[in-house]
Amino acid sequence: MRNAFAREVSKLASEDDRIILLSGDIGNNLFEDLKKVGADHFLNCGIAEANMMGVAAGMALSGLRPIVYTITPFTTTRCLEQIRVDVCYQNASVIIVGTGSGLSYAELGPTHQSLEDIAILRAFPSLTIMTPCDVPELIACLRAAMQHDGPVYMRIGKKGEPRIHNDDLSVKIGKAIELSRGEDLTFLVSGFIMPEALAAAHTFSERGFKVGVVSYPTIKPLDTELLTELCSRTKLLVTVEEHGSIGGLGSAVAEWRAPLANSLPLIIIGAKDEFIHVIGDQDYARGYFGISAEKIVEKVATFLGGT
């Protein structure tokens, strides 16, 4: 994902002189093509993320289109006040990109993991939140974000994520993408955990269930129109995300569902509410937190009575 992001930013910068990428001392080699477009399109702000966010806000208010880029915890929780006051309060058109989100850097421990970023940032007024699941969604989300007036937070993976969509994908902010329809249960999926959700969906399909899968490249604003439609044609909603089970896509869907008189059963599948104190790769961490395909199947099957 990060290589595709760098390529797309270079392409966008060649089309728009206002674009400048601000890096928190990361990706200096990754953005060599961007620097060739023009030295003014790349600025290494060093390990000073709070300052970098303030600089980006000032640039946006001066008519530029800044993109802030570094590892997710350092572009979110480390500079939370600056995002809230400098960017969101001013409604500044800053695109904040967190790379290596979720458990992508699992082997580096909790300091480099991000299982709470959406929960925190979803509470900020005016901030759009995007969670692409693969490279085509990433490219489409970035282009949609560039056309959006206001701040955007985008969490992306690291590298090697399987492609789910074709290259000609289009994304509209606030709209989900329905990959398949299902009458028995429908998986609502946020981000690059999608392959695990698809594997779980395949398992239930083999067991005779009619299973739907929906990708949510935008969590805020949430596509409630599709959710309303799903209520009339599926029996169970299951949210899946590489994020904590508190405050992410599952919580957003639950908030929408709460006031409804007759609402569908909902299973929220996210990382359990604890830090991990052992070191392993992303697959290991997914299993530990209960969001691997196998664990997803276990949770849904238990709800369905062990089917």
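This report describes a sheet, several helices, one loop residue and the cysteines of a predicted model.

## The five-stranded sheet

An open sheet is built from 5 strands in the order 7-9-8-11-12, with mixed pairing. Its edges are strand 7 (177–180) and strand 12, each of which pairs on one side only. Direction ignored, neighbouring strands of the sheet are turned by 20° against each other on average.

Within this sheet, strand 8 (residues 185–190) and strand 11 are joined by 5 bridges in the parallel sense. One residue of this pairing is S190, whose bridge partner in strand 11 is E241. Helix 8 packs on the sheet and touches strand 7, strand 8, strand 9 (211–215) and strand 11. The direction of helix 8 makes about 170° with that of strand 9. Helix 12 also meets sheet strands: it lies across strand 8, strand 11 and strand 12, and runs at about 155° to strand 12.

## Helix 11

Helix 11 spans residues 282–289, and its buried residues are A285, R286 and F289. These residues lie on the same side of helix 11, because they cover an arc of only 105° around the axis. The cover over them includes helix 8 (194–206), strand 11 (237–244), strand 12 (266–271) and helix 12 (293–303).

Both ends of the helix have a local feature to note. At the start of helix 11, a side-chain oxygen of D281 comes to within 3.3 Å of the backbone nitrogen of D283. After the helix comes G290, with a positive phi near 85°.

## Helix 12

The buried residues of helix 12 are A293, I296, V297, V300 and A301. Seen down the helix axis, they fall within an arc of 125°, so they line one face of helix 12. An α-helix has 3.6 residues a turn, so residues three or four places apart point the same way. The buried residues of helix 12 pack against strand 8, helix 8, strand 11 and strand 12. On the face turned away from this buried side, helix 12 carries the exposed residues E294 and T302. Just after the helix, G305 has a positive phi of about 90°.

K295 is also part of helix 12. This lysine counts as partly exposed because its relative accessibility is 30%. Neighbours within four places in sequence aside, K295 is in contact with G287 and G290; G290 is the residue with positive phi that follows helix 11. The C-alpha atom of K295 is separated by 9.3 Å from that of I269, which is 26 residues away along the chain.

## T131 in its loop

T131 belongs to the loop between strand 5 (128–130) and helix 7 (135–146). Is this loop residue buried or exposed? T131 is buried, because its relative accessible area is 1%, and the cut-off for buried is under 20%.

The side chain of T131 reaches the backbone oxygen of Y216 at 3.0 Å. Apart from neighbours within four places in sequence, the contacts of T131 are I118, E137, R155, S190, G191, Y216, P217 and I219. Among them, S190 is the strand 8 residue bridged to E241.

## Helix 5

Helix 5 covers residues 80–88, with Q82, I83, V87 and C88 as its buried residues. Viewed down the axis, these fall within an arc of 145°, so they line one face of helix 5. They pack against helix 3 (49–61), helix 4 (72–75), strand 4 (95–99) and helix 6 (117–121). E81 and R84 are exposed on the other side of helix 5.

## Cysteines

How many disulfides does the model contain? The count comes to 0 disulfides, where a pair of cysteine sulfur atoms has to lie within 2.5 Å.

C88, one of the buried residues of helix 5, has a relative accessible area of 7%. Its sulfur is too far for a bond because the closest cysteine sulfur, in C79, is 11 Å away. C141 is likewise buried, with a relative accessible area of 0%. The closest cysteine sulfur to that of C141 is in C133, at 8.6 Å, and is therefore too far for a bond.

Conventions: Residues numbered from 1 in each chain as written. Predicted model: local features only at pLDDT ≥ 70, side-chain atom pairs only at ≥ 80, totals over all residues. Heavy atoms only, no water. Buried < 20%, exposed > 50% of the residue type's maximum accessible area, 1.4 Å probe, protein only. Helix = DSSP H or I, 4+ residues; strand = E, 2+ residues; numbered from the N terminus. Arc of directions from axis to C-beta. Contact = heavy atoms within 4.5 Å. Polar contact = N/O pair within 3.5 Å; in protein donor to acceptor, adjacent residues only side chain to side chain. Pairing = 2+ DSSP bridges. Axes fitted to C-alpha atoms, helices over the stretch in contact; angles between N-to-C directions.
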